Amino acid sequence: MSNDGINAPVRRRAILKAGLALGAVQVASPFVVKSLADEPVKIGLDNPLTGTYAALGKNELIGCKLALDQINAKGGILGRKVDLLVEDSTSGDAGTAVEKARKLIDRDKVDFLVGNINSALAAAIANVAYEKSVFMVDPGGHTDPITGTNCHWDVFRVCNTTQMEANAVASTLIKTAGKKWYYITPDYAFGHTLQAGLEKACTKLGGTKIGGDLTPLGTTDFSSYLIKAQAANPDVIIFLVAGDDAVNALKQAVQFGLDKKYHLAGAQQELEVLLGLPPEARIGTWVFEWYWNQPNVPHVAEFVADIRKHSGGHVPTARTWFGYAALWTCALAAQQAKSLDAVKMAKAMQGFKLPPEVSLMPDGAFYRAAQNQLIPDLYVGNAQQAPKGGDPEDLFKVTEIVKGIDAAGPLEDTGCKMTWPT
Amino acid sequence: MTQLVLFDAFNGLIVGAFYALMALGLSLILNLSGVINFAHGGFLALGGYFAYTLIPYLGFWGALICAPFLVAVLGVIVERLLICRLYGRDPLYGLLLTFGLAFIFEDGTRTIWGAQSLPYQVPGWLLSPLSSAYFFLTGYRLFMVLIVAIAVVAMFLILNHTKIGIRIRAGTLDLETVSVLGVNVRMLRSLNFGLGVYLAGLAGVLAVGQLGLQPTIGGSLIMPSFVAIIVGGLGSLPGTLLGGLLIGVASGITTVFWPSATEAVIYVMMALVLMVRPRGLLGEEGRF
């Protein structure tokens with residue numbers, strides 16, 4: 001038939017089939033950041049490279065690569081060079097993430113597994129790592145159960161729990177902005193636990209929740225939620241949405257003029273989000289989990305300079321540091337245990353304090369024993385427009401550094417009951 | 001409560017107008033060429049990225065005018081090089097091709113402009129809230145609706161009062177006869193594809209004024225547009241417009257009562273329409 005052939009009929013059924021096809025995406029083979037050694041130690045990174053979390057994933061990868069270079073430059077792990085095997089977990093498909101984790105462990109025989117930004121995916125691959133007894137580090141999936149009610153002996157986490165972030169920012173908000181809070185929360189594991197954490201912290205300090213909405217992940221139009229928030233007349237509108245959703249929500253809140261009437265705030269905020277906002281929308285009180293502009297903290301300036309070489313001149317974000325600290329955690333665990341045996345490494349990391357050139361924060365950071373959760377400093381402050389004459393990526397003003405142990409609460413409250421293999 | 005419902009219904013109309021703009025482009029291509037264009041979201045994203053790139057040189061208004069044209073030109077090239085080879089075949093071929101193109105566009109934009117959201121700035125006077133007490137309306141939203149209205153009216157004028165538009169409509173009904181009468185169907189399809197993709201590009205430029213500009217922006221907006229076509233009725237452009245507005249309003253009102261179901265409600269609407277009136281609200285009987 002010629003190119004001008006008359007159309008075959010398009011039926012409604014074909015369009016419905018087309019919708020189903022959207023879910024059927026397979027991803028290509030991993031690419032390997034290779035070292036020169038003959039029998040390398042393998043670290044598998046199962047993290048998003050495409051989709052909503054691609055920008056965050058890319059930054060974690062940059063941090064991982066710098067750590068990889070440094071580890072190899074210092075003689076590798078137990079004298080063996082290290083390879084990083086990178087897989088795209090997708091941003092939201094737990095099935096793909098789990099399949100990639102199994103492939104990395106079963107086929108590629110990785111010694112360590114690292115991932116994932118999406119809380120739900122991190123929890124899913126943590127179960128695979130546990131089943132296979134592989135030492136795993138979750139660099140950036142925040143939901144509490146990973147080092148709480150679903151904690152595992154071989155799963156460590158670099159980023160904070162949502163409860164830690166909530167505790168860190170709550171008292172500042174109550175003091176500076178008021179006690180009546182309205183929540184705009186993403187409708188999945190991360191959002192639920194973050195809101196629960198904030199409600200708990202807020203109530204303890206005498207604040208109240210006067211309303212809130214759960215927004216589907218990937219919401220583009222937040223106006224209806226913002227209308228409801230305004231109708232409730234709160235002191236503070238709490239934005240718990242993350243990534244692209246946060247960019248959309250804040251951009252629209254400022255267009256509606258809500259920043260003039262209410263205090264806009266939230267728990268977790270990321271430099272990636274602030275960079276995606278026009279200057280007038282870089283506002284609000286937030287928690288950063290790591291920040292690059294710490295002039296008085298040793299080793300930070302060198303780290304920033306090194307990352308700039310890997311990132312086309314951009315400063316490291318908290319995500320970059322997560323990736324960096326996650327890979328170093330693997331190397332340090334082996335070094336401490338003098339073995340690649342997962343049980344020995346996990347035991348060696350109980351209560352382990354990261355060296356200052358890895359922790360890169362004023363009070364350091366350590367893995368809390370019997371929880372495997374890193375307890376770092378948290379940075380409370382305000383988003384800002386880049387200072388005139390300063391670095392264009394200096395978009396956050398730290399007003400208070402909260403020690404992780406003060407934000408973490410007692411171990412019993414986490415619900416973590418770890419069972420070690422016999 | 002009544003006030004909230006009214007606010008949300010009004011707001012839904014604004015959002016719906018935007019869905020309709022995308023859906024009209026999709027519908028044009030589907031009606032004449034029989035191609036279910038899954039790459040429409042990719043063209044939308046490109047509209048935003050072209051505008052972002054052009055703003056430093058042409059300013060906001062120059063970018064608003066030029067970016068959709070560039071997208072349309074790219075669309076015609078893609079149609080001539082790839083899509084035209086699949087005319088007359090099972091629609092699933094075209095669907096698979098455009099599905100692949102959608103990924104190429106997403107990864108292409110990620111490679112060229114980066115995965116990071118980019119800050120897109122619209123003129124300050126458009127950003128001021130016009131009324132937050134009664135309508136909760138911003139200058140930019142009003143501007144968007146105005147541009148959508150102009151684009152829709154212009155499109156209907158073109159389709160009803162120009163030779164090319166009348167040929168497109170005739171081709172939609174019976175392409176074989178139009179071809180036999182000596183109309184250059186190949187060129188007609190290219191122009192029609194360009195027009196449909198132009199609307200996607202325009203939607204992209206408008207969207208990035210209030211959404212983050214990132215490679216996935218098209219993907220998040222494409223599904224409501226498909227739903228708008230099915231609800232409104234395949235083959236009917238007024239139906240597509242109505243479908244877009246209806247799902248916008250339904251989604252807005254749902255926010256008042258059950259916020260987490262705002263996305264689901266449009267699919268429930270689609271299911272109901274398919275059960276009760278399978279050809280869609282204004283779809284032509286027997287055509288699909």
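Helices and strands here are DSSP runs, numbered from the N terminus, with at least four residues for a helix and at least two for a strand. Keep that in mind as you explore this predicted model.

**Stop 1: chain B**

Select chain B and colour it by secondary structure. You should find 10 helices and two strands. Follow the chain along its sequence, and the order reads α-α-α-α-β-β-α-α-α-α-α-α. The radius of gyration is 19 Å, close to the 19 Å that the globule rule gives for 288 residues, so chain B is as compact as a globular protein of that length. Turn it around: along the principal axes, its C-alpha atoms fill a box of roughly 60 × 50 × 35 Å. What share of the 288 residues counts as buried? For chain B the figure is 55%. Now think about contacts in chain B with a separation of 6 or more: 74% of these come from residues 24 or more positions apart.

**Stop 2: where the two chains meet**

Next, show chain A as well and look at the contact between the chains. Chain A brings 48 residues to it, and chain B brings 57. On the side of chain A that touches chain B, the elements giving two or more residues are helices H1 (12-21), H2 (54-73), H7 (223-232), H8 (243-255) and H10 (271-275), together with strand E8 (208-215). Which of them gives the largest share? That is H7(A), with seven residues. Colour this side of chain A by class, and you will have 20 nonpolar, 17 polar and 11 charged residues.

**Stop 3: a serine in H7(A)**

Stay with helix H7 of chain A and pick Ser223(A), which lies in it. Is this residue buried or exposed? Ser223(A) is buried, because 25 other C-beta atoms lie within 10 Å. Add Ala253(A) to your selection: the two residues are 30 apart in sequence, while their C-alpha atoms are 7.8 Å apart in space.

**Stop 4: the two domains of chain A**

Hide chain B and colour chain A by domain. The domain assignment gives domain 1 as 27-160 + 294-376, and domain 2 as 163-288. The centres of the two domains, taken over C-alpha atoms, are 29 Å apart. Where they touch, 14 residues of domain 1 are in contact with 15 residues of domain 2. On the domain 1 side, H2, helix H4 (119-132) and helix H12 (318-337) each supply at least two residues, and H2(A) has the largest share, with three. By class, this side of domain 1 has five nonpolar, seven polar and two charged residues.

**Stop 5: helix H6 of chain A**

Select residues 189-204 of chain A, which form helix H6. At 1.5 Å a residue, these 16 residues should span 22 Å, and the end C-alpha atoms are 23 Å apart, which agrees. Its buried residues include Phe190(A), Leu194(A), Leu198(A) and Cys202(A). Show the surroundings too: the buried residues of H6(A) pack against H4, helix H5 (162-176) and strands E7 (180-186), E8, E9 (236-239) and E10 (263-268) of chain A. Just after the helix comes Gly206(A), with a positive phi near 90 degrees.

**Last stop: confidence**

Finally, colour chain A by pLDDT. The mean is 90, and 91% of the residues reach 70 or more. Zoom in on residues 22-29 of chain A, where the pLDDT is below 50 and the stretch has three contacts beyond near neighbours in sequence. Where pLDDT is low, the predicted coordinates should not be read in detail.

How values were computed
Residues numbered from 1 in each chain as written. Chains lettered and ligands numbered in written order. Predicted model: local features only at pLDDT ≥ 70, side-chain atom pairs only at ≥ 80, totals over all residues. Rg over C-alpha atoms; globule rule 2.2 N^0.38 Å. Buried ≥ 20, exposed ≤ 12 C-beta atoms within 10 Å, placed from the backbone. Contact = placed C-beta atoms within 7 Å. Nonpolar A, V, L, I, M, F, W, Y, C, P; charged D, E, K, R; others polar. Domains from an automatic or database assignment. Expected span 1.5 Å × (residues − 1). pLDDT = per-residue confidence, 0-100.
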